[in-house]
Amino acid sequence: MELYDIIIVGGGPAGLTAGIYSGRQNLKTLILDKELAGGQAREVPLIDNFPGFENESGLNIIEKTKKQCLKYAEIQESELVSHISKKDDLFLVESIKSKYLAKAIILTTGSKHRHLNVQGENEHIGMGVSYCATCDGIFFKGKDILVVGGGNTAAINSIYLNDLGCNVTLVHRRDALRCQKVLEDKLYENNINIIWNTTVEEIIGDPLVSSVKLLNNDGTISQIDVNGIFVAIGDEPENNLADSLNLDLSEDGSISVDKYAKTSCKHVYAAGDVTGGLKQWIVACGEGAVAAISAYDDLLSNNLI
């Protein structure tokens, strides 16, 4: 088994940034990602609040970050990590393809899309139900679609899909949006219809989505015809590896870390969305940098490098 100074699990903004900082410290670094490096960052249709980039897609930025990271770290894509355990003073990392040893671990596994958990949702995934506007939006040009949510992602998706030529309606369970004011203003500027105080109760169609049942806070039920539903109601931390390392978790399932990105297990660090907090791209990058610097300092002080 090959030995690395640091193995980073997850290749999103936090993981790639950690890889850059780790490799620049001359640490032998490996990044393992279960899919393509970038994670959900690849799905963001438009970013205009990341310093140095204006009106860029998430895919473009993440590909540039990946290219930079490859100068300093090895990246293995489509390699799901199934288990991590202590082996003497090292960590044994087991993936679907191989096994590795590491002196330190950085978990940047990110988060996964939260589902509505309503009747008809699972049956219609890929048949009108989507969690990625940039992936599937083009298939709904000229069609009636429903975006579910009230945060930044829901607003960005609504604006993006509207620009594609979709007939967009946004449904939100509250009477006020949670997104940034600039995004809310764009929703109104684009005359995007918003249904307030309402949740999705059922998704209907055979085999493609044809309508949804909606429940208003006043108890009334309505049904509207739609061709597609884009769900943007938040994310859940990808914390599957926490149990094997006996890591402390917060109430929402996020991995608990201190200000140096240290977890409850020595020489295990975590950064990005898997740790909760403010889920912003630039925050994830900063946390990835902190994790890599902390790992380097600890390995150095313990005469492990």
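Three exercises on strand pairing and on one loop residue follow, each with a worked solution.

The structure is a predicted model, in which local features need pLDDT of at least 70, side-chain atom pairs count only at pLDDT 80 or more, and totals for chains, interfaces and linings use all residues. Residues are numbered from 1 along each chain as its sequence is written, and side-chain values use heavy atoms, with hydrogens and water left out.

**Exercise 1. The open sheet**

Determine which strands stand at the edges of the open sheet that contains β8 and β11.

Solution. Start with the terms: strands are DSSP runs (E, at least two residues), as helices are (H or I, at least four residues), numbered from the N terminus. Two strands pair if DSSP finds at least two bridges between them. Next, write down the order, which is β8-β15-β9-β10-β11, with parallel pairing. β8 (129–130) and β11 (193–195) each have a single partner strand, so they stand at the edges and one side of each lacks a neighbour in the sheet. Finally, check the β8 end: β8 and β15 (residues 228–231) run parallel and are joined by two bridges. V129 has I229 in β15 as its bridge partner.

**Exercise 2. Strand β6**

List partner strands of β6 with the direction of each pairing, then decide whether β6 is largely enclosed or not.

Solution. Take the partners in turn.

- β1 (residues 2–9) pairs with β6 in the parallel sense over seven bridges; I6 is opposite A104.
- β5 (residues 90–95) runs antiparallel to β6, with four bridges. V93 is bridged to Y100, and three residues separate β5 from β6 in a hairpin.
- β17 runs parallel to β6, with three bridges; Y269 in β17 is the bridge partner of I106.

For the second part, buried means under 20% relative accessible area, exposed over 50%, and partly exposed in between (1.4 Å probe, protein chains only). Eight of the nine residues of β6 (residues 99–107) are buried, so the strand is largely enclosed by the rest of the structure.

**Exercise 3. Residue T263**

Locate T263, classify T263 as buried or exposed, and find what its side chain reaches.

Solution. T263 sits in the loop between α6 (242–245) and β17 (268–270). Its relative accessibility is 12%, so T263 counts as buried. The T263 side chain reaches the backbone nitrogen of C265 at 3.2 Å and the backbone oxygen of V268 at 2.8 Å. Lastly, contact means heavy atoms within 4.5 Å. Leaving out residues up to four places away in sequence, T263 touches L247, I255, S256, V257, V268, Y269 and A270.

Note on methods: Polar contact = N/O pair within 3.5 Å; in protein donor to acceptor, adjacent residues only side chain to side chain.
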